[in-house]
Amino acid sequence: MFVSNIQLASNLQRLRKDHHLTQTQFSKKLNISRQAYSNYETGKRIPDLDIIIRIANIYHISLEDLLTQTCSKDGVINETSGPYFTAMVVDSSDTIYLTKEEIDLITHYRTADTDERKLTQKVLGF
């Protein structure tokens, strides 16, 4: 099974925050270091299968949902219906889902001049 780094990392961070846990608190539940867990949330490392199973059990979600869907405390956010459009991250071939507004922002950024791009980057903290 292909594990999407972006989807898994995003879910780990969202679910932890939705459950009002720090990285330290959640890493203790998994009996791993905070740094190891942080690497999972940032996508620097992919957790072993046993860790993924434990995470899914802690949050009471399926492995498939944890790995392939956008998850929140309230359940799976179905991004394949509603206002989302699929996109692909070229460097990693990961699939992400964007709203029409996000697509418009990206499209505008691509056509912006240098000054507008610099301003956008400054506002977004890049």
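Throughout this passage, a residue is called buried when its relative accessible area is under 20%, exposed when the value is over 50%, and partly exposed in between (1.4 Å probe, protein chains only). By this yardstick V123 counts as exposed, because its relative accessibility is 65%. The structure is a predicted model, in which local features need pLDDT of at least 70 and side-chain atom pairs count only at pLDDT 80 or more, while totals for chains, interfaces and linings use all residues. Residues are numbered from 1 along each chain as its sequence is written, and side-chain values use heavy atoms, with hydrogens and water left out.

It helps to begin with the overall layout. The chain holds seven helices and four strands, where helices (H or I, at least four residues) and strands (E, at least two) are DSSP runs numbered from the N terminus. Along the sequence, these elements follow the pattern α-α-α-α-α-β-β-β-β-α-α. Of the 126 residues, 29% count as buried. The chain exposes about 8,500 Å², of which carbon and sulfur atoms supply 53%; accessible areas come from the Shrake-Rupley method with a 1.4 Å probe, and for residues only the protein chains shown count as cover. Taking contact to mean heavy atoms within 4.5 Å, 48% of the contacts between residues at least 6 apart in sequence join residues at least 24 apart.

The interior comes next. A nonpolar core is defined here as a set of buried Ala, Val, Leu, Ile, Met, Phe, Trp, Tyr and Cys residues joined through side-chain atoms within 4.5 Å. The largest such core has 17 residues, and those that touch the most other members are L12, F26, I55, I61 and L66. At least two core residues come from each of α1 (5-18), α2 (23-30), α3, α4 (49-59) and α5 (63-68). Helix α4 gives the largest share, with five residues. One of the well-connected members, I61, is in contact with L15, A56, L66 and C71 once neighbours within four places in sequence are set aside.

Charged and polar groups also deserve a look. A search of the whole structure finds one salt bridge, the term standing for a side-chain nitrogen of Lys or Arg within 4 Å of a carboxyl oxygen of Asp or Glu. The partners are R16 and E41, whose side chains meet at 2.5 Å, N to O. This pair links distant parts of the chain, with R16 in helix α1 and E41 in helix α3, 25 residues apart. Both R16 and E41 are buried. For E41, which lies in helix α3 (residues 34-42), the relative accessible area is 7%, and the residue is therefore classed as buried. The side chain of E41 also makes a polar contact of 3.0 Å with that of Q23. A polar contact is a pair of N or O atoms within 3.5 Å; within protein, one must be able to donate a hydrogen and the other to accept it, and residues adjacent in sequence count only if both atoms are side-chain atoms. Leaving out residues up to four places away in sequence, E41 touches A9, L12, Q13, R16 and Q23.

Two histidines stand out in the loops for their backbone angles. H20, in the loop between α1 and α2, has a phi near 55°, a positive value in a residue other than glycine. H60, in the loop between α4 and α5, likewise is not a glycine and has a positive phi of about 60°. H20 is exposed, with a relative accessible area of 66%, and H60 is exposed as well, at 74%.

Helix α4 also carries L49, which is exposed at a relative accessible area of 58%. L49 and L63 are 14 residues apart in sequence, and their C-alpha atoms are 9.7 Å apart in space.

The account closes with helix α7 (residues 114-124), the place of V123. Together with L119, L124 and F126, V123 makes a nonpolar surface patch of about 520 Å². Patches are made of residues with over 30% relative accessible area and no salt bridge, with like charges joined within 9 Å and nonpolar side chains (Val, Leu, Ile, Met, Phe, Trp, Tyr) within 5 Å. Helix α7 holds R117 too, a partly exposed residue with a relative accessible area of 30%. Beyond residues up to four places away in sequence, R117 touches Y109, R110 and A112. A polar atom of the R117 side chain lies 2.9 Å from the backbone oxygen of R110.
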